[in-house]
Amino acid sequence: MNTYESSMSKLRFAIMGGTFDPIHYGHLAAAEEVRVGLNCQKVIFIPSGNPPHKKGCVRTDEAHRYDMTLLATASNPYFEVSDIEMNRNGYTYTLDTIKKLNKYYGNEVELFFITGADALLELETWYKVEQLLKLCSFIAVTRPGYDKSKLEQKLYHLQSKYNSELYIMDVPGLSISSTDLRKRIEQGTSIRYLVPEAVEQYISDHKLYRK
Ligand code: ATP
Ligand code: MG
């Protein structure tokens, strides 16, 4: 990661946003790596409500996605789950979420939004990205299947265009995606060791992702 300097007095909270449909070890490993690497006091997982970039995709009920996120993070005392994007009508925008969190935590806290390489490459399509980039720093984590040099180029472009705080962090490469997990369940193949056991059990109990 590029060197990152900030005022030592501030608390650091990382935000891990996602549809988590379902949450998997790729999300958890990336979040833990950022927490330790940036010395964050906590990581807040925020299951998304109705993000515009996943328009038209079938999404599992938000209550299930929230519950699975709770189960997956329960054993890590530094992880918490927020329902800030739940029960919102219409689209949910990261900008609104970050504004709310900034207001709630005030100046004592510095927020770092974690995105995977794929999400960072598409960041400019996000709602009012210029404003968003002024409100929090972004940590782009590496992800198998996404070229790191493309990520670096994009980062450089965003930094110079918006004069914003963006950093790349190398995380253990776990080639896991929710899309692949949903496919595996539909086809009846195993998801063991790709998601926490409690999540696997929850999916089975609630018969999620079956045809
Ligand atoms: P889907 O296939 O449904 O898009 P996903 O596996 O990409 O699911 P999301 O909920 O879309 O999971 O991802 C939330 C965030 O976590 C995104 O910023 C994404 O880039 C990141 N992420 C997801 N999986 C990984 C992984 N294996 N390694 C690093 N980052 C990841
Ligand atoms: Mg995704």
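## Two helices in contact

In this predicted model, Ala 63, His 64, Asp 67, Met 68, Leu 71 and Ala 72 of helix α2 meet Ala 198, Val 199, Tyr 202 and Ile 203 of helix α8. Sorted by class, the residues of this contact are eight nonpolar, one polar and one charged. Helix α2 covers residues 62–73 and helix α8 covers residues 197–205, and their axes come within 8 Å of each other.

How are the two helices oriented with respect to each other? Their axes cross at roughly 150°, and because angles over 145 degrees count as roughly antiparallel, α2 and α8 are described as roughly antiparallel to each other. The crossing of these two helices is right-handed.

## Two nonpolar cores

The largest nonpolar core of the model has 36 residues, and those with the most contacts inside it are Ile 23, Val 34, Val 43, Phe 45, Met 68, Ile 139 and Ile 203. Helix α1, which runs over residues 25–37, gives the largest share of this core, namely four residues. Two names in the list have already appeared above, since Met 68 belongs to the α2 side of the helix contact and Ile 203 to the α8 side. A second core, separate from the one just described, has 28 residues and includes Ile 84, Leu 123, Leu 166 and Ile 168.

Val 43 can be followed from the larger core to its surroundings: leaving out residues up to four places away in sequence, Val 43 touches Ala 14, Met 16, Ala 31, Arg 35, Tyr 78, Phe 79, Glu 80 and Ile 114. One of these partners, Arg 35, is found in helix α1. Is Arg 35 buried or exposed? With a relative accessible area of 12%, Arg 35 is buried, because buried means under 20%. On the same reckoning of sequence neighbours, Arg 35 touches Cys 40, Val 43, Tyr 78 and Phe 79.

## Buried residues in a strand and a helix

Val 81 is found in strand β3, which covers residues 79–81, and at 15% relative accessibility this residue counts as buried. Its contacts, apart from neighbours within four places in sequence, are with Phe 45, Pro 47, Tyr 66, Thr 69, Leu 70 and Thr 73. Among them, Phe 45 is also listed with the residues that have the most contacts inside the largest nonpolar core. Between the C-alpha atoms of Val 81 and Tyr 127, which are 46 residues apart in sequence, the distance is 23 Å.

Leu 158 is found in helix α6, residues 148–162, and is buried with a relative accessible area of 0%. Not counting residues up to four places away in sequence, Leu 158 touches Leu 120, Leu 123, Glu 124, Asn 163, Ser 164 and Leu 166; of these partners, Leu 123 and Leu 166 are named in the second core. The C-alpha atoms of Leu 158 and Leu 133 are separated by 9.2 Å, with their positions 25 residues apart along the chain.

## From helix α7 to a cis peptide bond

Leu 181 lies in helix α7, residues 178–187, and is buried, its relative accessible area being 0%. Where does this side of the helix find its partners? When neighbours within four places in sequence are left aside, Leu 181 is in contact with Pro 22, His 24, Ile 176, Ile 191, Leu 194 and Val 195.

Of these partners, Pro 22 lies in the loop between β1 (11–18) and α1, and the peptide bond that leads from Asp 21 to Pro 22 is cis, with omega near 5°. This deserves a remark, because most peptide bonds are trans.

## Positive phi angles in two loops

Most residues other than glycine have a negative phi. Asn 39, which is not a glycine, nevertheless has a positive phi of about 55°; this residue is found in the loop between α1 and β2 (42–47) and is exposed, with a relative accessible area of 57%. The C-alpha atoms of Asn 39 and Leu 181 are separated by 31 Å, and the two residues are 142 residues apart along the chain.

Tyr 193, again not a glycine, has a positive phi of about 70°. Its place is in the loop between α7 and α8, where Tyr 193 is exposed, with a relative accessible area of 68%.

Methods: Residues are numbered from 1 along each chain as its sequence is written. Chains are lettered from A and ligands numbered from 1 in the order in which they are written. This is a predicted model: local features need pLDDT of at least 70, side-chain atom pairs count only at pLDDT 80 or more; totals for chains, interfaces and linings use all residues. Side-chain values use heavy atoms; hydrogens and water are left out. Axes are lines fitted to C-alpha atoms, for helices over the stretch in contact, and angles run from 0 to 180 degrees between N-to-C directions. Angles under 35 degrees count as roughly parallel, over 145 as roughly antiparallel, 65 to 115 as roughly perpendicular and the rest as oblique. A crossing is left-handed if the near helix is turned anticlockwise from the far one by less than a right angle, and right-handed if clockwise. Contact means heavy atoms within 4.5 Å. Ala, Val, Leu, Ile, Met, Phe, Trp, Tyr, Cys and Pro count as nonpolar, Asp, Glu, Lys and Arg as charged, and the others, Gly among them, as polar. A nonpolar core is a set of buried Ala, Val, Leu, Ile, Met, Phe, Trp, Tyr and Cys residues joined through side-chain atoms within 4.5 Å. Buried means under 20% relative accessible area, exposed over 50%, partly exposed in between (1.4 Å probe, protein chains only).
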